[in-house]
Number of protein chains: 2
Amino acid sequence: MNDSLSPQALRHAIRSGAHRGNTSGLAAGFVQCNIVILPADWANDFLRFCQLNPRPCPLVAMSNRPGDYTLPPLGDVDIRTDVPSYRLFRDGKFVEETPDITPLWDDNLVTFALGCSFSFEEALLADGLEVRNVTEGVNVPMYRTSIDCNSAGPFAGKMVVSMRPFHAADAIRAIQICTRFPAVHGAPVHLGDPALIGIDDLARPDYGDAVSVGANELPLFWACGVTPQVALEAARPPLAITHSPGCMLVTDLRNSQLAVM
Amino acid sequence: MNDSLSPQALRHAIRSGAHRGNTSGLAAGFVQCNIVILPADWANDFLRFCQLNPRPCPLVAMSNRPGDYTLPPLGDVDIRTDVPSYRLFRDGKFVEETPDITPLWDDNLVTFALGCSFSFEEALLADGLEVRNVTEGVNVPMYRTSIDCNSAGPFAGKMVVSMRPFHAADAIRAIQICTRFPAVHGAPVHLGDPALIGIDDLARPDYGDAVSVGANELPLFWACGVTPQVALEAARPPLAITHSPGCMLVTDLRNSQLAVM
């Protein structure tokens, strides 16, 4: 798959089944989103959870009304078919992955599209910074922390963070760059000693892969889009549908359009 | 001296000799400047030194021509009388302090006004952050580092930094706030391990006073206005005049006017 494919062309290839799997690095320059789909009677609490926890759950777009499978702000999206792989959860438990949720769709479902770290990683790389998980070709390491999210109805839990190490001067620059992008997690929530946010061992992430950290580097920790998935597991809605890790909704929004300055 | 005195009134009190000494905390909200005065044939190299080292030497204003003792962008300044205390250097060596340089003035002198950390400390305090040297009522600790300045003619030397400790989340916020103010040193140049920039012992600053640093705090290091004084000592111009530490030029510019966004 050509990484300079337009987001429309890539989305249509996903819709037709011609592209399956990871979207990392594809349609470069365009926003990719985490997806959460919930029954309408769970949607208001989840919306409030996003509003109360904007750093792990930065809401980019949501359905205009229950049952609407379009997301006009993001392009000609049909959310039933335009994510390469979906994960189904029933009562908070993972059931299966599927490339098409059309058979499951009903007039009761509400879609949430949340910002993802791909956008700020692109901004860091464009500035000449090294992003370790990209250099090492692995998934970013992610950790459950001791930081409580603000709860909303049944949605609650600890914040999950992703970690990228930098030398001090690059860490300061990374904070400046990410501050421009609050819609894709924004600035880090922590840096330095992992134990201060309840992380025992950087070499043993709870999700993703460990990366090397140099002796003179500082770990920087960003609020992570896995946080809402953890809150979903705790809330145990009868049905929830998310993207599969790395298999995102590709949108027509440019990353630069998310910059606040 | 009333801290809500206008900058004009304070400057006039300094000019008349009614106010002597420190200007810290006075004319709150208004920019105070470090001052360097040099003979014209040394001024071009010093200007280039500032241009090459904008973080320690952020130039806010300079004379329109040699011998001009006004600085119109900064208010109705007479630089011969409007700084509470001046320091004289001959051949790079400190000679004496004086409250009035009118007897020394000639048509050959050029004035440089450089941004100072008072402005960003005010922005940090306004955001609710604790600034340790303010809390503890001492001068900020300053350290010579191993970081080379870019040299310009005879002006060269190591960067001097000031240090303020913060918890990680406040450190990230402090970086965001100071990024808005490049004209007053901007974002920190380093954070974390002092040894990485050649500082052996935080408890033994080269200038100013030590402050307490909590076990869970990170030291943040800003480029400091003492840097050009060190470069002056190395360059050894036949005459140089600076403000005395803490005795700044009070200007009519508001701190908020220096914000780039």
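Trainee: What comes after α3(A), and where does its phi sit?

Mentor: Gly128(A) follows α3(A), and its phi is positive, near 90 degrees. Helices here are DSSP runs of H or I with at least four residues, strands are runs of E with at least two, and both are numbered from the N terminus.

Trainee: Before we go on, what sort of model is this?

Mentor: The model is predicted: local features need pLDDT of at least 70 and side-chain atom pairs count only at pLDDT 80 or more, while totals for chains, interfaces and linings use all residues. Residues are numbered from 1 along each chain as its sequence is written, and chains are lettered from A and ligands numbered from 1 in the order in which they are written.

Trainee: What does chain A average in pLDDT?

Mentor: The average is 95, and 99% of the residues of chain A score at least 70. pLDDT is the predictor's confidence in each residue, from 0 to 100. For the model, ipTM is 0.86 and pTM is 0.91.

Trainee: Back to α3(A). How many of its residues are buried?

Mentor: Helix α3(A) covers residues 117–126, and 7 of the 10 are buried, so the rest of the structure largely encloses this helix. A residue counts as buried if 20 or more other C-beta atoms lie within 10 Å of its own, exposed if 12 or fewer, and partly exposed in between, with C-beta atoms placed from the backbone.

Trainee: Which ones are buried?

Mentor: Ser117(A), Phe118(A), Ser119(A), Phe120(A), Glu121(A), Glu122(A) and Leu124(A). The cover over them includes β1, β5, α4 (132–135), β7 (158–166), α5 and β9 (218–223) of chain A.

Trainee: And α6 of chain B, how many of its residues are buried?

Mentor: α6(B) runs over residues 227–235, and 7 of its 9 residues are buried, so "mostly covered" fits. Those buried include Pro228(B), Val230(B) and Leu232(B). Just after α6(B), Arg236(B) has a positive phi of about 55 degrees.

Trainee: Why would I care about the sign of phi?

Mentor: Most residues other than glycine have a negative phi. Asp91(A) has a positive value, near 55 degrees, and sits in the loop between β3 (86–90) and β4 (93–98) of chain A.

Trainee: Is Asp91(A) buried or exposed?

Mentor: Asp91(A) is exposed, with 12 other C-beta atoms within 10 Å. His185(B) also has a positive phi, about 85 degrees, and lies in the loop between α5 (168–179) and β8 (190–191) of chain B. His185(B), however, is buried, with 27 other C-beta atoms within 10 Å.

Trainee: New topic. What domains does chain A get?

Mentor: Domain 1 is 7–116 + 236–258 and domain 2 is 118–227; the bounds come from an automatic or database domain assignment. Over C-alpha atoms, the centres of domain 1 and domain 2 of chain A are 22 Å apart. Their contact takes 20 residues from domain 1 of chain A and 23 from domain 2 of chain A.

Trainee: Which element gives the most on the domain 1 side?

Mentor: α2(A), with 5 residues. Being in contact requires C-beta atoms, placed from the backbone, within 7 Å.

Trainee: How does chain A relate to chain B?

Mentor: A rotation of 180 degrees, with 0.0 Å of shift along its axis, superposes chain A on chain B at an RMSD of 0.0 Å. The two copies are thus related as by a two-fold rotation axis. In chain A, the C-alpha of Gln176(A) is nearest the axis, 3.2 Å from it. The fit is by least squares on C-alpha atoms of residues with pLDDT of at least 70 in both copies.

Trainee: How many residues are in contact there?

Mentor: 17 residues of chain A are in contact with 17 residues of chain B. On the chain A side, α5 (168–179) and β8 (190–191) give two or more residues each, and α5(A) gives the most, with 7.

Trainee: Which surface do the copies meet through?

Mentor: The same one, because 100% of the interface residues of chain A are also interface residues in chain B.

Notes:
Two residues are in contact if their C-beta atoms, placed from the backbone, lie within 7 Å.
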